There are 2 protein chains.
Amino acid sequence: MGMMGASLAAGLRKQPNPPAITGVVRSERSKQWILDHDLADEAIASTSMDVFRLGLSRYDLIVLGMPIAANGVLLENLAEIYPGDFQWAAPSFSDQEQGVESSNPEAKRPLDGNQDDSLPLITDMSSTRTYLEEVAARYPHLPFIGSHPMCGSEDAGPSAFRDSLFRDRLVILIRSTLRNSDDEQAYKLLNQFWSSLGARVSELNEKDHDLVLAYLSHAPHLVSSLLATVTANRSEVQTINAQSPIPITGGGLRDMLRIAGSNPEMWKDIIHTNRKYILESLRDFRSGLDELIETVESDSMEWWSDWQTRSRGFRNEICGFEEKR
Amino acid sequence: MGMMGASLAAGLRKQPNPPAITGVVRSERSKQWILDHDLADEAIASTSMDVFRLGLSRYDLIVLGMPIAANGVLLENLAEIYPGDFQWAAPSFSDQEQGVESSNPEAKRPLDGNQDDSLPLITDMSSTRTYLEEVAARYPHLPFIGSHPMCGSEDAGPSAFRDSLFRDRLVILIRSTLRNSDDEQAYKLLNQFWSSLGARVSELNEKDHDLVLAYLSHAPHLVSSLLATVTANRSEVQTINAQSPIPITGGGLRDMLRIAGSNPEMWKDIIHTNRKYILESLRDFRSGLDELIETVESDSMEWWSDWQTRSRGFRNEICGFEEKR
């Protein structure tokens, strides 16, 4: 359980009839922290799914919450645990008894309750999708549907959790182009799960997802980090700013740098697994920058009003803002 | 009076002993709006300072609130009104009676009170400084000290005013390298004026100001507009985003686009008058972007953790953030 896993657990814990939760964490220290903060009914320190080789049928839903590549390994791991001819069927619990998990498995019933033979649906919270769909395509017996809850934070680690993290945020469910993805019962269950936390749910295929996210999230994150780096590398700027009674950034740069350098471990995976589209978006950005620099060089003043006005329109369209002017 | 002038007036109006204010606006409609909202004791619709050829001694302070080039014209205009051998002397009023103005002149005493021969100190609220210092250097008799209150907003026009706009924001007073700027009484008066609105006041020369602001404000604004433009120009991204129940931007891009396309009229002047340093900052940014693209191309995964971690440190230094992890 990192920031998102802990937030997921905290959100579930606030529900009227919360499901039982088993939290899987990487260290004994985190395990204690999770239990101390009542974010799970039981916690297990482990970096693999092997601990679930026995007793997997206690769970209704597994939510993988590791970085992308590690989630891929967990999927491979689970593929060995699920029977090779496994066919998922919707569990027969009411909405109130819906079972779940976070950062990893979670119990569907009291942990010492009756067990049946059904095995949990698997989802995750990764920021890129093609990579995991390629892994999942190798294991058609895995009941996996990818989820991307768009509610990252620039703060990492479980202590940054918020029980309202998912409220009014978008969760994108993936309809794979690489394998069968028409189990409507499973989509319905995931839709209900995320909706119960206040999220808005939509669907995309993995390619559209990764393309759109490169432009709307990944490249902007890199641009934010780049702005911080470029600014800091100009030594006079750093020196003069450091001498100011309060930073000379104004609100604009402060907002633009909020996401700079977010969670390095997670971003390494995002960049690696979405290189193709991130490159496309960064190259588009460089073409735009070249044009911008040429325009400043040529001092074509009449260009700016139009360009700024158009940018403003694009901004409002992209973000769904209404102009207040 | 635009957004900043109206905010300045509103902030002054909330003070215990508010100074009398004359607001200068560009249209009869704005004049009525200013008076309807009680943002001035009197309002004048004019685009020049000629209306103050008589009665300038009624004022203690003139605050120019037009875009930069227009402020330059107003300075030239004022240079003709002030006697060629004028020497400014601090007015003899107590703090409570301190007189001021916004977007333009403002009365120091009840508008029908006694007049004396002193003429007002002049300041402004422009975002670049070298251009105006070059204008002012031609008129050594003008009692002008530039102010840059760093509290712009992406919303323009007087109706976007906020009486707390200047609170806890930085106001940079300019110590010119191009002309005499050692009238400590004048700096003290301006420091008190902005401080009375809750601002933090510092000083820079015009070159350092324009260099630092290119990196910490102007280039970031252009990058924000560019992000909006590049994103919108990729048609699949626009289409898919428009079909989503809520925008796919997450909080990151939304923050980064907040300042995109702000006030086109103002930005045209900022870019024109600070071309040199804006070009330097954009070229630095392009070098960084080239390096970033090469690194994504070569898929050097070990590079990212370091780079993100360093960016994070820079971000915290630049913005004065403390890490919450």
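Which residues does A:L227 touch, leaving out those up to four places away in sequence? They are A:M256, A:L257 and A:A260, together with B:P220 and B:V223 from the other chain. Touching here means that the C-beta atoms, placed from the backbone, lie within 7 Å.

A quick word on what you're looking at: this is a predicted model, where local features need pLDDT of at least 70, side-chain atom pairs count only at pLDDT 80 or more, and totals for chains, interfaces and linings use all residues. Residues are numbered from 1 along each chain as its sequence is written, while chains are lettered from A and ligands numbered from 1 in the order in which they are written.

Now the two chains. Chain B lands on chain A after a rotation of 180 degrees with 0.0 Å of shift along the axis, RMSD 0.0 Å (a least-squares fit on C-alpha atoms of residues with pLDDT of at least 70 in both). The copies are thus related as by a two-fold rotation axis. Within chain B, B:M256 comes closest to that axis, its C-alpha at 2.3 Å. As 100% of chain B's interface residues are also interface residues in chain A, the copies meet through the same surface.

Over in chain A, A:L119 sits in the loop between strand 4 (105-107) and strand 5 (121-124); strands are DSSP runs of E, at least two residues, numbered from the N terminus. A:L119 counts as buried because it has 24 C-beta neighbours inside 10 Å, and the cut-off is 20 or more other C-beta atoms within 10 Å, placed from the backbone. Setting aside residues up to four places away in sequence, A:L119 touches A:L56, A:S57, A:Y82 and A:F86.

Conventions:
Contact = placed C-beta atoms within 7 Å. Helix = DSSP H or I, 4+ residues; strand = E, 2+ residues; numbered from the N terminus. Buried ≥ 20, exposed ≤ 12 C-beta atoms within 10 Å, placed from the backbone.
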